[in-house]
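Dear colleague,

I am handing over the structure below, together with some notes on what was found in it. Please keep in mind while reading that this is a predicted model.

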Amino acid sequence: MTAAKSTGLYAFAALSVVLVSYTRGKRGLIEAIGNTPLVRINCLSEATGCEILGKAEFVNPGGSVKDRIAVKIIEEALESGDLSAGGMVTEGSAGSTAISLATVAPAYGCKCHVVIPDDAAIEKAQILEALGAIVERVRPVSISHKDHYVNVAKRRASEANKIAANVREDCEIKGNGTTHLADRKGGFFADQFENLANFRAHYEGTGPEIWEQTEGKLDAFVAAAGTGGTIAGVSRYLKEKNPNIKCFLIDPPGSGLFNRVTRGVMYTKQEAEGRRLKNPFDTVTEGIGINRLTNNFLMAELDGAHRGTDKEAVEMSRFLLKNDGFFLGSSSAMNCVGAVRVAKALGPGHTIVTILCDSGLRHLSKFYNTQYLADLGLTPTATALEFLDHSLQ
């Protein structure tokens with residue numbers, strides 16, 4: 001066989017694989033979720049002497065890591081019968097999970113009703129409305145309060161189910177079985193904090209991807225926790241593949257998880273979230289930090305935890321933008337603070353992976369707002385990484 005013929009056959013075979021992949025893929029938008037790039041963060045790698053890699057979750061269709069759990073939660077609910085095609089998915093979210101659910105729900109023939117705290121960045125609500133979701137904004141209160149955004153979302157699903165039951169009963173009485181009212185479909189509460197589909201999305205997807213992309217050659221993984229699903233799913237998978245991989249939490253101000261991991265206690269009686277009537281999180285990093293143990297977080301296998309500050313997250317975001325062109329959201333910036341903390345603790349020559357949860361596009365009104373940061377005394381001033389450790393300048 002000549003080289004030309006051989007090359008031609010190889011090219012045809014490669015094209016056939018692509019065509020088969022295309023023709024067999026019937027899931028539309030859902031096919032584009034996951035398998036995100038693992039990219040080297042050059043400025044942090046060079047500053048620490050470690051290979052610091054970020055899982056670029058902002059390239060998902062809905063713009064964040066939460067696309068993964070939106071798909072898993074909806075698919076499991078449809079399979080179990082808890083959700084019907086055409087039904088309403090409800091969720092209480094600070095923004096990203098809500099956006100992901102609103103993005104993927106139509107791909108399953110479903111609608112979305114989201115409840116978000118009214119102190120979340122305004123562009124998140126704008127995105128949700130543009131996606132066609134019903135958006136309900138409520139004041140920030142403790143999870144123990146009936147009007148916490150999670151509790152309101154749960155109530156909305158219950159209300160939708162009651163309406164559906166009444167409509168179905170009315171149709172049966174009147175013998176009108178041909179009605180196509182959407183109200184017959186009911187609602188389903190996604191429950192991202194406690195629903196272990198969250199954990200499974202990362203145990204079955206994100207963790208294996210990181211393992212394959214690094215060829216198993218990584219020393220540590222670090223991430224913050226909101227619901228706890230990402231850090232739990234990834235840490236448990238990586239630990240099962242290699243128990244020597246160190247997994248760490250990076251925790252923002254106002255969160256009790258650092259104390260839980262390092263000392264075994266969440267908080268003092270005076271700080272218990274159940275005793276609070278206002279938002280307990282004194283931080284500009286949205287979507288991470290919590291003062292209770294979720295079912296998802298309890299699945300995590302961690303070797304330790306580090307603290308991060310709002311100032312460090314803000315400075316890190318600008319440092320990454322200036323030096324590498326990464327335009328990241330607040331939780332991504334905090335994760336990078338954690339990556340440097342871990343690099344310093346382990347020393348040069350190690351490979352550390354973190355999650356780049358979303359971009360800065362949905363953080364413009366707060367995290368990237370000059371006046372907002374100035375009012376909080378968080379105006380970035382650093383020229384290098386001196387805001388973390390002077391030895392890294």
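**Two packed helices**

Helix α10, which covers residues 310-324, packs against helix α11, residues 330-346, at an angle of about 90°, and the axes of the two helices lie 8 Å apart. Because angles of 65 to 115 degrees count as roughly perpendicular, α10 is described as roughly perpendicular to α11. On the side of α10 the contact is made by E312, A313, M316, S317 and L320, while α11 contributes S330, A333, M334, C336, V337, V340 and R341. Sorted by character, the residues in this contact of α10 with α11 comprise 8 nonpolar, 2 polar and 2 charged.

**The sheet and a helix upon it**

There is also an open sheet of 4 strands, paired in parallel and arranged in the order β5-β4-β3-β6. Since β5 (134-138) and β6 (187-189) each have a single partner strand, they stand at the edges, so one side of each is left without a neighbour in the sheet. From one strand to the next, the twist averages 20°.

At the β6 edge, strand β3 (residues 88-92) runs parallel to β6 and is joined to β6 by 3 bridges, and T90 is found opposite F189 of β6. Helix α5, made up of residues 122-130, packs on the sheet, where α5 touches both β4 (111-117) and β5, and the direction of α5 makes about 155° with that of β5.

With kind regards

How values were computed: Residues are numbered from 1 along each chain as its sequence is written. This is a predicted model: local features need pLDDT of at least 70, side-chain atom pairs count only at pLDDT 80 or more; totals for chains, interfaces and linings use all residues. Side-chain values use heavy atoms; hydrogens and water are left out. Axes are lines fitted to C-alpha atoms, for helices over the stretch in contact, and angles run from 0 to 180 degrees between N-to-C directions. Angles under 35 degrees count as roughly parallel, over 145 as roughly antiparallel, 65 to 115 as roughly perpendicular and the rest as oblique. Contact means heavy atoms within 4.5 Å. Ala, Val, Leu, Ile, Met, Phe, Trp, Tyr, Cys and Pro count as nonpolar, Asp, Glu, Lys and Arg as charged, and the others, Gly among them, as polar. Two strands pair if DSSP finds at least two bridges between them.
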